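My notebook is open, and I want to look up rings, odd backbone spots and helix packing one by one. Have the structure at hand and follow along.

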Amino acid sequence: MSVMIGSRQIGGGAPALVIAEIGLNHNGSVELAKQLIDVAADAGADAVKFQKRTPEICTPEHMRDVPRETPWGTMTYLEYRHRVEFGRDEYIEIGDHAVMRGLEWFASPWDVPSVEFLEELDVVAHKVASASVTDLELLAALRDTGKPIILSTGMSTMPEIDRAVDTLGTSDLTILHATSTYPLEPTEANLRMIPVLRDRFPGVPIGYSGHERGLQISLAAVALGAVAVERHITLDRTMWGSDHAASLEPGGLATLVRDIRIIEAARGDGVKHVYASEEAPRAKLRRVLS
C-alpha cells in the first residue's frame, strides 16, 4: 500500500520520502523559517514540517509561570510559547515559500484548535508527534479531517500504538518508528522495530523519525526498508533552542539525501543477476564453466 502526501508517494516502491523537520527551529522568525525551507529544497528533501500549538492548551499549568531565559530576555514559559508560535499570516507566507521551492509542507498539531487552524490552510497531511500518541481526542479530530496522517511512535508502548492506530484507521496512514531522546544514543535506536511494525500493521508504510547525531542510523533505517525518513534541520547546531543540538546542518541534510538515494539504488530487486559488467571478469577469472 502507498500513501500520497500531496504530490509525493510514500511506499509502493517510491523513493523514501525525506521530511525536513523545521519544528520550532525557526525560533519564531519567518525569515529563518524561509532559510530553513531553502536548505531543505537545496538538499533535495521532499517536504518540510512545522509544529503548531495553542499555548494556553499545550502549556502545563505548573509550567506557565516558570521563568525562562530566551534571546528576547527573561519571560514566563507561557510567554515564550506565544513568542515562537506562528499565526495565520506567517504560515501563509512560509507555506507559499515552501510550495514555490517545490516542497510539500505540513505540521504536527498538538491540540484540536490547531487541527482546525491547519485545516483552514488546507495542509496536505497531518503529523502526530510522539507526545500525542495517547491523545485520543486529538487523534479522532485528525482522523475526521480525511487527510493522510503520519504517526510517530516515540515514548510509546505497543498497546498505546495499537490504540492510536485503532483510532486513526489504517487508510492513508504512515507510521514512523522513533525514540524520543534528544539526542538519541545508538543503543536506543532499536531499528529492528521497523520490520516489527511492518509485520504488525500489514500494508501500512513504515518509516523512521530520527533524533540522533550523524547520519548512520537514518541510513541504516533505509537499508532496513524505511519508506520515509524525518530529521530535524537547523542552520547551526549551536543556536539557541531545545532541538538544534539534535538537528542536521545544511551539509548534513544534503549528504543524507544523497546517501539515501545511493542505498535505495543498491538494494536492488532481490533477484540474482549476472550483470553485463560482470561478463568480462567472468570470462577472465572463471576457470570452470557451468
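**Entry 1: aromatic rings.** Before looking for clusters I fixed what a pair is: rings of Phe, Tyr and Trp (for Trp, the six-membered ring) pair if their centres lie within 6.5 Å, and planes over 60 degrees apart count as edge-to-face. I also noted that this is a predicted model. With that in place, I found that Phe-50, Phe-86, Tyr-91, Trp-105 and Phe-117 form one aromatic cluster. How many aromatic pairs does the whole structure hold? My search of the whole structure gave 8.

I picked Phe-50 and Tyr-91 to look at in detail: the centres of their rings are 6.0 Å apart and the planes stand at 90°, an edge-to-face pair. Phe-50 belongs to strand β4 (residues 47-52) and Tyr-91 to helix α4 (residues 88-100), so this pair ties together parts that are 41 residues apart in sequence. Are these two residues buried or exposed? Both Phe-50 and Tyr-91 turned out to be buried.

Next I looked up Tyr-80 and Trp-240. Their ring centres are 5.8 Å apart with the planes at 85°, so I wrote this pair down as edge-to-face. The pair links distant parts of the chain, 160 residues apart: Tyr-80 is in helix α3 (residues 77-83), and Trp-240 is in the loop between β12 (228-232) and α10 (250-267). Tyr-80 has a relative accessible area of 5%, so I count Tyr-80 as buried. Trp-240, at 28%, is partly exposed.

**Entry 2: charges over rings.** Which residue lies over the face of Tyr-80? I found Arg-68 there, at 4.3 Å from the ring centre. Back in the cluster, I saw Lys-52 over the face of Phe-117, at 4.3 Å from the ring centre.

**Entry 3: backbone oddities.** I checked the peptide bonds and noted a cis one that joins Tyr-182 and Pro-183, with omega at about -5°. Pro-183 sits in the loop between β10 (173-178) and α8 (193-200).

Then I went through phi. Asn-27 is not a glycine, yet has a positive phi near 55°. I located Asn-27 in the loop between β3 (17-23) and α1 (30-43). Asn-27 has 13% relative accessibility and so counts as buried.

Met-155, also not a glycine, has a positive phi of about 50°. Met-155 is in the loop between β9 (149-152) and α7 (158-168). Is Met-155 buried or exposed? The relative accessible area of Met-155 is 56%, so I put Met-155 down as exposed.

**Entry 4: a buried strand residue.** I chose Ile-10, in strand β2 (residues 8-11). Its relative accessible area is 0%, so Ile-10 is buried. Which residues touch Ile-10, leaving aside its neighbours within four places in sequence? I listed contacts that include Met-1, Leu-17, Ile-150, Thr-174, Pro-205 and Val-227. I also looked up Ile-10 against Gly-169: they are 159 residues apart in sequence, and their C-alpha atoms are 17 Å apart in space.

**Entry 5: helix packing.** For each pair I wrote down two values, since two packed helices are described by the angle between their axes and the distance between the axes.

I began with α1 and α10, whose axes come within 8 Å and cross at roughly 30°. Angles under 35 degrees count as roughly parallel, and α1 and α10 are therefore roughly parallel to each other. Their crossing is right-handed. On the α1 side I found Val-39, Ala-40 and Ala-43 making the contact, and on the α10 side Pro-250, Leu-253, Ala-254 and Val-257.

I then turned to helix α9 (residues 216-223) and α10: the axes come within 9 Å and cross at roughly 25°. That makes α9 and α10 roughly parallel to each other too, and the crossing is right-handed. The contact involves residues including Leu-219 and Val-222 of α9 and Leu-256, Ile-260 and Ile-263 of α10.

My last look-up was α1 with α4, where the axes come within 10 Å and cross at roughly 20°. These helices are therefore roughly parallel to each other, and α1 passes α4 in a right-handed crossing. Among the residues that meet here are Ala-33, Lys-34 and Ile-37 in α1 and Glu-90, Ile-94 and His-97 in α4.

Technical notes:
Residues are numbered from 1 along each chain as its sequence is written. This is a predicted model: local features need pLDDT of at least 70, side-chain atom pairs count only at pLDDT 80 or more; totals for chains, interfaces and linings use all residues. Side-chain values use heavy atoms; hydrogens and water are left out. Rings of Phe, Tyr and Trp (its six-membered ring) pair if their centres lie within 6.5 Å; planes under 30 degrees apart count as stacked, over 60 as edge-to-face and the rest as tilted. Helices (H or I, at least four residues) and strands (E, at least two) are DSSP runs, numbered from the N terminus. Buried means under 20% relative accessible area, exposed over 50%, partly exposed in between (1.4 Å probe, protein chains only). A charge sits over a ring if NZ of Lys or CZ of Arg is within 6 Å of the ring centre and within 35 degrees of the ring normal. Axes are lines fitted to C-alpha atoms, for helices over the stretch in contact, and angles run from 0 to 180 degrees between N-to-C directions. Angles under 35 degrees count as roughly parallel, over 145 as roughly antiparallel, 65 to 115 as roughly perpendicular and the rest as oblique. A crossing is left-handed if the near helix is turned anticlockwise from the far one by less than a right angle, and right-handed if clockwise. Contact means heavy atoms within 4.5 Å.
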